[in-house]
Amino acid sequence: MPTTDELRRVLHVLKSREGEMSGLLARFVRAESPSFDKKAVDNFGRIVAAEWRKRGARVRFLKQKERGDHLLVRLWRGPGRPEGRILLLGHLDTVYDKGALAQTPFRIARGRAWGPGTFDMKGGLVLALAAVDTLARARIRPRKEIACLWTSDEEIGSFSSQRFIEREALRSDAVLVLEPSGEPDGALKTSRKGVGEIELRVIGRAAHSGLKPEDGINAVHELALQIVKIAKWNQPGSGIGIHVNVVSGGTRSNVIAAEARALVDIRASRATDLRRLERRFRKLRPHLRGARLEVHGEFSRPPMERKTSAALYHRAEKLAALMGIPIREVSAGGGSDGNIAAALGVPTLDGLGAIGADAHSTRENILIRALALRAALIAALLATL
Ligand SMILES: [Zn+2]
């Protein structure tokens with residue numbers, strides 16, 4: 001267990017390495033890695049893998065056919081056997097199409113690094129390397145093995161990585177997620193809502209709306225009635241969000257609509273609410289005689305509840321205080337791979353990545369001065385867990 005003096009020295013050393021960290025970030029950001037572009041993600045994965053190999057880590061590519069390969073990194077500097085394992089979790093992909101970099105090139109201005117993926121989450125990938133470097137330089141040896149799972153499809157729902165996230169989380173004592181921190185001051189994310197998408201389809205019957213309207217079953221009318229009903233399930237105060245964000249239906253203004261469809265974004269803070277919501281959707285019945293209702297979809301990411309983060313957060317708070325770093329926690333509306341790990345009951349702390357702003361936009365940026373603070377906090381967690 002490192003002493004307070006050792007922890008402060010870690011922070012001090014890191015502060016002198018800002019240039020190195022932003023240089024690495026520049027290289028990472030310039031290797032564009034859109035989720036849907038396997039070649040580009042694989043190329044970036046190889047760059048990240050090389051950095052870890054330089055540090056003596058064992059790297060395995062978890063091969064994927066359609067998506068980029070996921071990266072599994074393991075680092076144990078011995079001697080003897082590790083007393084468990086800590087998983088650092090993050091993703092290689094970004095939401096930006098190839099060419100976004102030409103529109104908003106990587107640049108450093110006003111104490112911030114700007115560019116696609118700086119905040120979400122190439123900054124986090126840099127922090128993991130910096131944290132490990134610092135521990136080595138300070139000759140602080142974690143008791144646990146450090147594993148990293150860098151996935152390739154977080155931004156598009158983690159469909160190819162979910163089973164690896166679950167497998168690696170279950171093999172670990174704690175999961176530290178290096179996703180962007182809470183804006184603007186770098187809050188750690190101790191809970192996240194569960195997120196899902198429901199498709200509501202109504203099948204009616206077409207008819208001439210002037211000559212024989214009584215032969216028709218209006219799917220648009222039916223859908224409208226359903227929307228009014230489910231919109232009432234929205235309970236922001238209890239962490240439940242229901243938003244019908246896409247609707248379509250019908251063909252011509254003089255044809256009774258035979259078909260209609262809505263896409264509903266659903267969010268809940270508690271797993272029990274989430275299951276109740278799913279049940280409520282399944283129980284929907286049509287109002288209009290003869291109309292048929294189909295409900296597809298579900299929660300793709302379960303909620304991350306605060307109870308799975310609390311102990312880790314308190315540890316982080318204590319370590320941050322020892323190093324003189326201010327810290328706070330926040331609950332996030334969006335989901336991440338942290339949700340998947342936390343749902344298994346594995347202690348998970350999210351939002352440990354860079355401090356910055358405006359992820360998924362042309363203004364995406366991170367605060368350079370905070371890189372040292374963040375890497376120090378991650379290093380301290382790795383050293384003491
Ligand atoms: Zn992310």
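What is the geometry of the site of the zinc ion, judged from the angles among its donor atoms? In this predicted model, the site is irregular, since the angles among its 4 donor atoms run from 51 to 147°, whereas a tetrahedral assignment would require all angles to lie between 85 and 135 degrees.

The protein donors are NE2 of H91, an OD atom of D120 and two OE entries from E179, and they lie 1.9 to 2.8 Å from the zinc ion. Along the sequence, these donor residues follow the spacing H-x28-D-x58-E. Because H91 belongs to strand β3 (residues 85-91) while E179 sits in the loop between β7 (174-177) and β8 (188-192), the pair ties together parts that are 88 residues apart in sequence. H91 and E179 are both buried.

Two helical residues can be described in a similar way, beginning with their places in the fold and their contacts, where neighbours up to four places away in sequence are left aside.

| Residue | Helix | Contacts |
|---|---|---|
| S22 | α2 (residues 18-30) | F106 and I108 |
| L225 | α7 (residues 219-231) | H287 and L288 |

As for accessibility, S22 counts as buried because its relative accessibility is 10%, which falls under the 20% limit. L225, with a relative accessible area of 36%, is instead partly exposed. Finally, L225 and G237 are separated by 12 residues in sequence, and their C-alpha atoms are 24 Å apart in space.

Methods
Residues are numbered from 1 along each chain as its sequence is written. This is a predicted model: local features need pLDDT of at least 70, side-chain atom pairs count only at pLDDT 80 or more; totals for chains, interfaces and linings use all residues. Side-chain values use heavy atoms; hydrogens and water are left out. Donors are N, O and S atoms within 2.8 Å of the metal (3.2 Å for Na, K and Ca); water is not among the atoms, so sites may look incomplete. Four donors count as tetrahedral if all angles lie between 85 and 135 degrees; four count as square planar and six as octahedral if opposite donors are over 155 degrees apart and all others between 65 and 115; anything else is irregular. Helices (H or I, at least four residues) and strands (E, at least two) are DSSP runs, numbered from the N terminus. Buried means under 20% relative accessible area, exposed over 50%, partly exposed in between (1.4 Å probe, protein chains only). Contact means heavy atoms within 4.5 Å.
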